[in-house]
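Q: Please take a close look at a single part of this structure and describe it in detail. I should like to know where it sits, what surrounds it and how its setting fits into the rest of the chain.

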Amino acid sequence: MSDQLRSPNPPLGYAVECHLPEAQQIRLVAEFHAHRIRPSRIAYRLGIDIALVDSLVAGEYQAALFQRWLAVAQRSRRDARVRSAEKLRGQAAYEIRKAAERDYELTADSGR
């Protein structure tokens, strides 16, 4: 880190150093973004360069690949929420399923 000219994520820096390949970094950013985690927090938690995270979220870098991974993560999140509703009965289960579907529709439409 001493040979880099700019600070990776001012003012705190990174919590960990990222040694993952770029394809895996893109997949992880999409997964965290599907859970509505802020880009600065994603960079801090995973050690990924904040500039990369911001450019992925903004659609400026690897947009098609990021959108595919984001769609996968959003479906996975929706499915997990629906599965959690199976433990409940009646109106509570219905409300959770409807909220999961509504949230998925909103996030899927905003990603297009």
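A: In what follows, helices (H or I, at least four residues) and strands (E, at least two) are DSSP runs, numbered from the N terminus. The model is a predicted one. The part chosen here is helix α3, which spans residues 50-58, together with the loop between α3 and α4.

The setting comes first. The chain has 5 helices and 0 strands, and its pattern, read along the sequence, is α-α-α-α-α. Of the 112 residues in the chain, 31% are buried. Contacts between residues at least 6 apart in sequence include a 61% share that joins residues at least 24 apart.

Within α3, the buried residues are Ile50, Leu52, Val53, Ser55 and Leu56. The elements that cover these buried residues of α3 include α1, α2 and α4. Ser55, which belongs to α3, deserves separate mention. Its relative accessible area is 13%, and Ser55 is therefore buried, the cut-off being under 20%. Apart from its neighbours within four places in sequence, Ser55 is in contact with Glu60 and Tyr61.

The packing of α3 against α2 can be described in more detail. Two packed helices are described by the angle between their axes and the distance between the axes. Helix α2, residues 39-46, packs against α3 at an angle of about 135°, and the two axes are 9 Å apart. That angle makes α2 oblique to α3. The crossing in which α2 passes α3 is right-handed. On the α2 side, the residues that take part are Pro39, Ser40, Ile42 and Ala43, and they meet Ile50, Val53, Asp54 and Val57 of α3. Sorted by class, this contact of α2 with α3 has 6 nonpolar residues, 1 polar residue and 1 charged residue. Two members of the α3 side, Ile50 and Val53, are also listed among the buried residues of that helix.

At its end, α3 is followed by Gly59, which has a positive phi near 85°. Further on, Gln62 lies in the loop between α3 and α4, the latter covering residues 63-85. Gln62 has a positive phi as well, of about 50°, although it is not a glycine. With 35% relative accessibility, Gln62 counts as partly exposed.

A non-glycine residue with positive phi is also found before α2. Arg36, in the loop between α1 and α2, has a positive phi of about 65° although it is not a glycine. Its relative accessibility is 52%, so Arg36 counts as exposed, for which the cut-off is over 50%.

Two of the helices that cover α3, namely α1 and α4, also pack against each other. Their axes are 8 Å apart and meet at an angle of about 45°. Helices α1 and α4 are therefore oblique to each other, and α1 passes α4 in a right-handed crossing. From α1, the contact is made by Ile26, Arg27, Val29, Ala30, Glu31, His33 and Ala34, and from α4 by Leu65, Phe66, Trp69, Leu70, Ala73, Gln74 and Arg77. By class, the contact of α1 with α4 has 9 nonpolar, 2 polar and 3 charged residues.

Two of the α1 residues in that contact, Arg27 and Glu31, are also joined in another way. Side chains of opposite charge can pair when their charged atoms come close. The side chains of Arg27 and Glu31 meet in a salt bridge, at 3.4 Å from N to O, and the structure holds 1 salt bridge. An α-helix has 3.6 residues a turn, so residues three or four places apart point the same way. Arg27 and Glu31 are 4 residues apart in α1, which spans residues 22-34, and are thus separated by about one helical turn. Arg27 is partly exposed, at 26% relative accessibility, and Glu31 is partly exposed too, with a relative accessible area of 35%.

One link involves the helix that comes after α4. Glu101, in helix α5 (residues 90-111), has its C-alpha atom 8.4 Å from that of Val82, and the two residues are 19 residues apart along the chain. Glu101 is partly exposed, with a relative accessible area of 32%.

Conventions: Residues are numbered from 1 along each chain as its sequence is written. This is a predicted model: local features need pLDDT of at least 70, side-chain atom pairs count only at pLDDT 80 or more; totals for chains, interfaces and linings use all residues. Side-chain values use heavy atoms; hydrogens and water are left out. Axes are lines fitted to C-alpha atoms, for helices over the stretch in contact, and angles run from 0 to 180 degrees between N-to-C directions. Angles under 35 degrees count as roughly parallel, over 145 as roughly antiparallel, 65 to 115 as roughly perpendicular and the rest as oblique. A crossing is left-handed if the near helix is turned anticlockwise from the far one by less than a right angle, and right-handed if clockwise. Contact means heavy atoms within 4.5 Å. Ala, Val, Leu, Ile, Met, Phe, Trp, Tyr, Cys and Pro count as nonpolar, Asp, Glu, Lys and Arg as charged, and the others, Gly among them, as polar. A salt bridge is a side-chain nitrogen of Lys or Arg within 4 Å of a carboxyl oxygen of Asp or Glu. Buried means under 20% relative accessible area, exposed over 50%, partly exposed in between (1.4 Å probe, protein chains only).
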